[in-house]
2 protein chains.
Amino acid sequence: MGANPRQMSIGMNILGLGGHSSAWRYGEVDPLSYLDIGYYQNIARISERGTLDAIFLADGPALAGDPGGGPSGRLEPTLVLTAIALATERIGVIATASTSYNDPYNLARRLGSLDHLSGGRAAWNIVTTAGDAAARNFGLTGAPVHDDRYGRAEEFVDIAVKLWDSWEDDAIIADRARGVFADRAKVHTIDHEGAHFAVRGPLNIPRSPQGRPVLVQAGSSEHGKALAARRADAVFTAQTTLEDGQAFYAEMKARAAAFGRDPDSLKIMPGLSTVIGSTEAEALARQAELDEIQGIEAQLGQVAQRLQLDRKHLKLDEELPWHLIGDALRVENGSRGFFDAQINLARRERLTVRQLAGRIRSGHRLVAGSPEQIADTLEEWFVNGAADGFNLMPDMFPSGAQVFVDHVVPILRRRGLFRTEYTGPTLRDHLGLQRPASQYAAVPHAVAA
Amino acid sequence: MGANPRQMSIGMNILGLGGHSSAWRYGEVDPLSYLDIGYYQNIARISERGTLDAIFLADGPALAGDPGGGPSGRLEPTLVLTAIALATERIGVIATASTSYNDPYNLARRLGSLDHLSGGRAAWNIVTTAGDAAARNFGLTGAPVHDDRYGRAEEFVDIAVKLWDSWEDDAIIADRARGVFADRAKVHTIDHEGAHFAVRGPLNIPRSPQGRPVLVQAGSSEHGKALAARRADAVFTAQTTLEDGQAFYAEMKARAAAFGRDPDSLKIMPGLSTVIGSTEAEALARQAELDEIQGIEAQLGQVAQRLQLDRKHLKLDEELPWHLIGDALRVENGSRGFFDAQINLARRERLTVRQLAGRIRSGHRLVAGSPEQIADTLEEWFVNGAADGFNLMPDMFPSGAQVFVDHVVPILRRRGLFRTEYTGPTLRDHLGLQRPASQYAAVPHAVAA
């Protein structure tokens, strides 16, 4: 970004019909819109009008919950993001995909194809997929244990990077007269042989506009943080208090530096669930309405699920049952990030279960307020070393995206915290990231000793 | 189709820059167009203007040849076909995908998603992927032997069908007031346990517009034919003489009937490579020009490769070295269909190697001629029991598609052999296929005995 003042990045997380579980019952759009590609394209166009960095899609290869209770499945993200890329010009497209339930060759190719067809706007949100539901769709009786998942993930990402690098940038000659399409010396087999995979390569598409799709990582366990520090361009994280956000931010920047990286090349982006009204009262009323549709029992069920506790141990107007809450061992097969985010908030602010339920949505910090208040909290985290950007989860779509773009973005722009126009065509440009050279390329400038 | 006279189906196979290996050197479009999504969308729009049934994309998870010799890779087909579906209204989209190098849950979901977002126009061309190049990208030292590939394919397709059926058509209630999204009794686990896979389900998307994507099969081995007869809605096949085409057609219809199916529910679609000129002389001149760019040596290399023979055994102006050509054993790890198609043509017409090379393109029968001549050969095969339709491989794009739509389609329409407009929104409608009921649905009308 050079001499420009530091500005934040903002991703829009299109989580079904909205981040609030009751969005589908509120009636803003047809509940079947989550199967309608035009629904996603519309939200993406709104987000691009607000010069947001990217559209983000979460994913897992299983029903995410009880199909009776709401739209819990999803169209496959790389297809939806293809549709979004073709309906937009600049906004990035971030696909979540699991290293536990894909093959590196197929996934690297699909993400590389997305980078080609979007003109350099693709990113991969690397997840290892906790939970048994997905495992049972892939021949396993339960999810592989955490260490195994991450061992595979580390190797998987290395292979993907090798495949994306396997065609050097200048491999294609396309000399029609001589009939030489590519310089064979610049198209490399990768000959990977590891503990989990053997992949020969090369990839069957040339290097993509960004060199490699942007790599995003969302795990908060020790292994997740190590992978992010070594490989990721951005980290999505669940942080519920400024103090914890600052600690996580400082830790991740230091971890990146320990790998010899420029700390600024790893962007920290906490999630933020939003309910926006023209006034705080209006926002709180909207939140109350959505909460009432959902009912307190369902909210408590979500708290219990993220803590991997039985609901019966939670008492509405008391604090969490601390004596029952263990440490990371408990979340071996769940999300460490969501676990920590809840515990930290409840502990720091000594919240009752009811209060805690009202402060978290989709596992992330919830802020209900006026556009001014939303802008304030983004600024507070951004200028105080807790965030380089945010992954937004509005309560419902499209209105939650629309009100953010029309009323929060202008405030951020006036404060000089957010771009007024895109400065380049690629997602790397939006995020202020370098385009990586291929690891197979000869050193471009050999300097005499 | 009811009382309408029988009409043919036509698919457009977008094979890189054209079916002729030298298309990229001819200069009609930029050689990098094979990475440009607009290139594919343009050909699809032309094809839809001609009311063609579908766009077809071949595929394999490896470089298809020497990257030095031409654009031998491909963007991932389900993404390209998503882009095509969104640029068109009616034309079908057929994605080739391998049962050897995918997981059934992921692929069923991607194809189901494509059926949703295209409004019911998706098809899957089921292949098992011969050759070692792909195998080596997936941890194997060579392709699984033929029998193993097909054992896995049979089970893979059964699982995909179960997953597509796992949500009954009327499973979604979307009752906002009561908060009931789906009728849980109509969303089924599939609990598949087989020799190759264990998959619990249900799929994480509801049943798609066509119930199931259309199933296409392209294998000509015994196992391939058995799978097609049991499961496929359409068979793509390489047939080079009318007699062989008729024999294959009759055999497949009989095989389908043996499974208790209406023979008309299995469509037989031979491939046809086309070079079209306004006169036969013009077509032959265009063919000669492309052949000369390629050179006879490269053509012989393709003949040798499809016969799995060393090039040195081929003598240009003699017949094939029959004493060296074995039977199916030789094509254990190649394409039985392409093998047979070449052998049959050379044997029946006693062709020299040079003549044979000039009569086959992309492994399929080549016809060079005027629009009238192209229409004649389509009609001949269609009315004489050798084809329900055709999968077209023009020599180059977009001109090869354009001339077919503008000059051949009108002739076929005048003869009453091809539709003048689409009769329905789905690919099943175009092909005259029924929409299948979910295997999990209760019998809709219980008839008293």
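**Interface and core of a two-chain predicted model**

Me: Between which helices of chain B is the loop that holds B:N137?
Reply: The model is predicted, with local features requiring pLDDT of at least 70, side-chain atom pairs pLDDT 80 or more, and totals for chains, interfaces and linings using all residues. Residues are numbered from 1 along each chain as its sequence is written, chains are lettered from A in the order in which they are written, and side-chain values use heavy atoms, without hydrogens and water. Helices are DSSP runs of H or I with at least four residues, strands are E runs of at least two, and both are numbered from the N terminus. The loop of B:N137 lies between helix 5 (132-135) and helix 6 (146-165) of chain B.

Me: Is B:N137 buried or exposed?
Reply: Buried means under 20% relative accessible area and exposed over 50%, with partly exposed in between (1.4 Å probe, protein chains only). The relative accessible area of B:N137 is 3%, so this residue is buried.

Me: Which residues of chain A does B:N137 touch?
Reply: Contact means heavy atoms within 4.5 Å, and residues up to four places away in sequence are not counted here. Within chain B, B:N137 touches B:P61 and B:A62; the backbone oxygen of B:P61 lies 3.1 Å from a polar atom of the B:N137 side chain. From chain A the residues touched are A:Y105, A:A198, A:V199, A:R200 and A:G201.

Me: What relation superposes chain A on chain B?
Reply: Copies are superposed by least squares on C-alpha atoms of residues with pLDDT of at least 70 in both. The operation is a rotation of 180° with 0.0 Å of shift along its axis, and the RMSD is 0.0 Å. The relation is therefore that of a two-fold axis.

Me: How much area do chain A and chain B bury between them?
Reply: Buried area is the accessible area (1.4 Å probe) that two parts lose on being put together, summed over both. The contact takes 69 residues from chain A and 69 residues from chain B. Carbon and sulfur atoms carry 62% of the buried area, which is about 5500 Å².

Me: How many salt bridges are counted between chain A and chain B?
Reply: A salt bridge is a side-chain nitrogen of Lys or Arg within 4 Å of a carboxyl oxygen of Asp or Glu. The side chains of A:R184 and B:D66 meet in such a bridge at 2.6 Å, N to O. Between chain A and chain B the count is four.

Technical notes
A polar contact is a pair of N or O atoms within 3.5 Å; within protein, one must be able to donate a hydrogen and the other to accept it, and residues adjacent in sequence count only if both atoms are side-chain atoms.
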